Amino acid sequence: MKDEIKIFLESDLLERYMIGETTHEEEVRVEHYLDTYPEVQQEYEVLQENLELYAKAHAKQAPISVKEDVLAQLKSETKELNAPKKGIPWYFVAACITTFLFGATTITLWKQNKLLSNEKSTIATQIDNLKSDIINTNSKLENMKSKYAVLNDPETRKYVIYGNERAKNLRSVAYINPKEKISAINVLSMPKLPEDKEFKMWAEVNGEMVSLGVLEKADRKLMSLPFQDNASNYKITIESKGNNDFASIDSEVANIKIEEDE
């Protein structure tokens with residue numbers, strides 16, 4: 001759909017044209033679009049159908065007495081067919097005015113109902129977004145509580161880690177609690193690596209190296225680590241990105257030895 005047609009349909013010109021609230025210039029413009037673009041004509045027909053359905057839904061049946069009065073008046077006028085023509089009867093004018101007012105009221109109610117429906121949809125979307133934000137915030141708070149709980153437990157052991165010759169600027173602090181089976185690390189500084197390399201954390205369990213994931217500097221924030229039962233060492237290596245299977249022998253840059261009594 002052309003941008004010009006889209007902009008026109010998003011305006012309220014069609015609705016105002018339908019109820020006779022357009023200026024002469026606007027009326028000419030609307031009729032031009034109706035004659036030129038099938039999309040506009042289709043939208044206008046849909047509006048007419050919706051208005052008709054809305055009017056029928058809110059229409060009220062006329063009292064029986066009105067019907068009887070109209071029939072009586074028709075019989076009276078039938079007898080006067082040969083009489084000289086007179087001006088338009090007052091009740092016909094009144095009926096036209098009443099019909100016009102009813103139509104205008106119906107259109108106004110329909111537009112108000114449409115506006116309220118849009119506002120309701122917007123409010124519902126805002127409520128859903130707010131609920132999602134609350135859930136995410138609660139999840140972050142629980143994660144934070146889990147991370148910092150390791151610092152307050154008396155069973156937690158603190159290990160200061162320094163890098164070897166391959167990573168002299170590497171410095172971090174690990175917190176390991178074998179009783180609660182939780183561990184975390186705070187990376188204080190680390191050297192810059194080539195783009196295809198990364199720091200990896202490993203736990204040595206029964207002679208095998210188990211990957212604990214990529215180690216990143218998180219602006220001195222505490223990072224959770226997967227806890228490993230029966231780990232005798234924790235090691236940091238420099239690996240090629242994507243290597244999650246094994247630790248290279250000559251890639252070790254730091255080592256934490258867990259004492260037997262811990």
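How many aromatic pairs does a search of the whole structure find? Three. Keep in mind that this is a predicted model. Some notes on the pairs and the charged contacts follow.

1. Take Phe8 and Tyr33 to start with. Their ring centres sit 4.1 Å apart and the planes make an angle of 5°, so this pair is stacked; the cut-off for that label is under 30 degrees. Phe8 belongs to helix 1 (residues 3-10) and Tyr33 to helix 3 (residues 24-36), so the contact ties together parts that are 25 residues apart in sequence.

2. On solvent contact, Phe8 and Tyr33 are both buried. Tyr37 joins in as well: with Phe8 and Tyr33 it makes up one aromatic cluster.

3. Now the charges. The count of salt bridges is six. Arg16 is a good one to click on, as it pairs with Asp12, with 3.3 Å between the closest N and O atoms. Arg16 also meets Glu26 in a salt bridge, at 3.0 Å from N to O. Since Arg16 lies in helix 2 (residues 13-18) and Glu26 in helix 3, that second contact ties together parts that are 10 residues apart in sequence.

4. How exposed are these partners? Arg16 has 16% relative accessibility, so it counts as buried. Asp12, at 38%, is partly exposed, and Glu26, at 23%, is partly exposed too.

5. Elsewhere, Glu165 and Lys168 form a salt bridge whose closest N and O atoms are 3.3 Å apart. Glu165 is exposed at 65% relative accessible area, and Lys168 is exposed at 61%. Back at Arg16, shared partners link Asp12, Arg16 and Glu26 into one salt-bridge network.

How values were computed: Residues are numbered from 1 along each chain as its sequence is written. This is a predicted model: local features need pLDDT of at least 70, side-chain atom pairs count only at pLDDT 80 or more; totals for chains, interfaces and linings use all residues. Side-chain values use heavy atoms; hydrogens and water are left out. Rings of Phe, Tyr and Trp (its six-membered ring) pair if their centres lie within 6.5 Å; planes under 30 degrees apart count as stacked, over 60 as edge-to-face and the rest as tilted. Helices (H or I, at least four residues) and strands (E, at least two) are DSSP runs, numbered from the N terminus. Buried means under 20% relative accessible area, exposed over 50%, partly exposed in between (1.4 Å probe, protein chains only). A salt bridge is a side-chain nitrogen of Lys or Arg within 4 Å of a carboxyl oxygen of Asp or Glu.
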